[in-house]
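Trainee: I would like a close look at one part of this model, starting from the end of a helix and working outwards. Please take it step by step.

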Amino acid sequence: MNQPAEQAVLDAHYMARALELARKGRYSTHPNPRVGCVIVRDGQVVGEGWHVRAGEPHAEVHALRAAGELARGATAYVTLEPCSHHGRTPPCADALVNAGVARVVAAMQDPNPEVAGRGLQRLAQAGIDTHGGVLEGEARAINKGFLKRMEHGLPYVRVKLAMSLDGRTAMASGESQWITGPAARSAVQRLRAESSVVLTGADTVLADDARLTVRAAELGLDAEQTALAMSRPPLRVLIDGRLRVPLDAPFFKAGPALVATCAAVEEQYANGPECLIVPGPDGQVDLRRLLLELAARGVNEVLVEAGPRLAGAFAQQGLVDEYQIFVAGKFLGSSARPLLDWPLAQMSQAPLLKIIEMRAVGDDWRVTAIPAPPASV
């Protein structure tokens with residue numbers, strides 16, 4: 001049912017605030033979605049809440065607690081359909097019914113098969129006026145990984161790349177630190193903190209002694225957000241088909257990790273990191289199978305930070321959802337290493353990207369791009 005224009009404007013206003021609250025959980029809610037809730041009565045916000053961590057109260061519960069008795073007869077704005085099933089916490093749909101709210105506005109339906117419309121149905125059956133689709137695009141953008149996992153059984157894959165203006169990532173010798181400046185590196189730290197998994201390859205770990213950890217001092221966040229980010233570090237995944245990285249490497253000393261390999265696990269790994277054997281063609285790790293396994297473990301978002309060979313393999317196999325490309329104002333020269341190992345013979349083979357955003361980050365540039373959909377015939 002169409003809403004009066006004035007009501008539509010108010011709904012969008014309060015939903016925008018709920019989305020702002022949802023974003024506060026960007027570093028800490030995995031594997032759950034990021035959700036915010038605002039409760040409004042007689043034109044006044046009487047309660048707000050956002051989901052902080054899996055296993056803890058959902059956004060609606062926090063907002064209802066803040067509103068107290070003022071929730072009765074109020075409107076609840078929530079960025080995702082209230083849950084209707086018993087998980088680690090009780091159903092939020094029941095909490096809203098019991099609180100006596102009169103109206104619930106949801107930005108979008110929950111794609112989780114355990115909910116999928118049943119939350120709004122439960123509210124409607126209780127006589128609550130329900131309305132959906134308000135700022136749905138923005139709501140989906142906040143939870144790209146959760147949505148892809150629920151709808152396709154795969155995590156959302158970002159590939160982070162850093163390059164010079166001439167498209168090079170390292171000198172011929174392998175030297176690559178640092179192409180970009182401190183502001184860009186801080187942005188990468190935030191990308192890591194947002195991700196469920198940070199994934200790299202043996203070449204990167206061996207060449208750079210890479211740890212791929214989140215470093216609190218470089219996040220550039222306030223104290224609350226820094227604490228949340230550090231409370232849930234991403235799982236670090238190493239693709240090492242032949243188990244070339246020694247167990248005393250800095251990568252393994254930096255914390256828990258998962259190793260994806262093709263090789264039979266050697267005896268020394270018995271007390272080492274978990275190994276996942278996912279052999280693919282040509283003696284390489286099966287990347288799609290690995291992603292399916294990670295999604296089955298509740299992984300929403302994967303950040304790939306790897307060299308040109310592994311990053312190129314993800315690209316060639318059509319497994320990349322988004323590129324985060326940091327461009328430095330320098331040239332590395334024709335003998336330096338390319339951005340991707342992806343031989344192309346003809347211009348017609350060149351994959352197209354849609355640039356979503358370009359912005360300055362310190363002295364560098366950050367380009368967000370996604371694979372362009374195939375042209376219609």
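Which residue follows H6, and is its phi positive or negative?

Mentor: The model is a predicted one. H6 is followed by Gly153, and the phi of this glycine is positive, near 70°.

The helix itself comes next. H6 covers residues 144-152, and within it Gly145, Phe146, Leu147, Lys148 and Arg149 are buried. The cover over these buried residues includes two helices, H5 (136-142) and H11 (287-296), and two strands, S6 and S12.

S6 leads on to a sheet pairing. This strand, residues 156-164, is joined to S13 by seven bridges, and the two run parallel. One of the bridge pairs is Arg158 with Glu322 of S13. On its other partner list, S13 has S16 (residues 364-371), paired in the antiparallel sense over five bridges. Ile325 has Val367 as its bridge partner in S16. In general, the strands of a sheet pair through backbone hydrogen bonds, and the pairing can be parallel or antiparallel. S13 takes part in one pairing of each sense, parallel with S6 and antiparallel with S16.

How well covered is S13? Mostly covered: seven of its seven residues, 322-328, are buried. Glu322, Gln324, Phe326 and Ala328 point one way from the strand, while Tyr323, Ile325 and Val327 point the other way, and burial holds for both groups. The bridge residues Glu322 and Ile325 belong to opposite groups in this division.

S12, the other strand named in the cover of H6, occupies residues 301-304, and a loop with Gly307 in it lies between S12 and helix H12 (308-316). Gly307 also appears in the UniProt record: an unreviewed entry lists Ala162, Trp178, Thr204, Asp208, Gly307, Pro308, Arg309, Leu310, Ala311, Gly312 and Ala313 under "binding site". These positions are spread over 152 residues of sequence, and in space their C-alpha atoms are up to 23.9 Å apart.

Pro308 from that list has its place in H12. It counts as partly exposed because its relative accessibility is 22%, and the buried class ends at 20%. Setting aside residues up to four places away in sequence, Pro308 touches Pro338, Leu339, Leu340 and Asp341.

Another helix, H8 (residues 202-208), holds Leu206. With a relative accessibility of 39%, Leu206 counts as partly exposed. Its contacts beyond four places in sequence are Arg244, Val245 and Pro246. From Leu206 to Tyr323 the separation is 117 residues in sequence and 24 Å in space, C-alpha to C-alpha. Tyr323 is one of the buried residues of S13.

The record also names a position away from these elements. For "active site", the unreviewed UniProt entry lists Glu60, a residue of helix H2 (residues 59-67). Glu60 counts as buried because its relative accessibility is 3%. Apart from neighbours within four places in sequence, Glu60 is in contact with Cys37, Val78, Leu80, Pro82, Cys92 and Leu96.

Two of those contact residues fall within a pair of strands. Cys37 is inside the range of S1 (residues 36-41) and Val78 inside that of S3 (residues 75-78), and these strands pair in the antiparallel sense over four bridges. One bridge links Ile39 to Ala76 in S3. S1 and S3 belong to an open sheet of five strands in the order S2-S1-S3-S4-S5, with mixed pairing. Its edges are S2 (44-50) and S5 (129-132), each of which pairs on one side only. Direction ignored, neighbouring strands of this sheet are turned by 15° against each other on average.

Finally, the setting of these parts. The protein chain has twelve helices and 16 strands, and 49% of its 377 residues count as buried. Among contacts with a separation of 6 or more, 69% come from residues 24 or more positions apart. The C-alpha trace spans about 70 × 45 × 45 Å along its principal axes. The radius of gyration is 23 Å, which agrees with the value near 21 Å for a compact globule of 377 residues. About 17900 Å² of surface is accessible, and carbon and sulfur atoms make up 52% of that area.

Methods:
Residues are numbered from 1 along each chain as its sequence is written. This is a predicted model: local features need pLDDT of at least 70, side-chain atom pairs count only at pLDDT 80 or more; totals for chains, interfaces and linings use all residues. Side-chain values use heavy atoms; hydrogens and water are left out. UniProt positions are given in the numbering used here, feature names are shortened, and annotations may be inferred rather than shown by experiment. Buried means under 20% relative accessible area, exposed over 50%, partly exposed in between (1.4 Å probe, protein chains only). Contact means heavy atoms within 4.5 Å. Two strands pair if DSSP finds at least two bridges between them. Axes are lines fitted to C-alpha atoms, for helices over the stretch in contact, and angles run from 0 to 180 degrees between N-to-C directions. The radius of gyration is taken over C-alpha atoms; the globule rule is 2.2 Å times the number of residues to the power 0.38. Accessible areas come from the Shrake-Rupley method with a 1.4 Å probe; for residues, only the protein chains shown count as cover.
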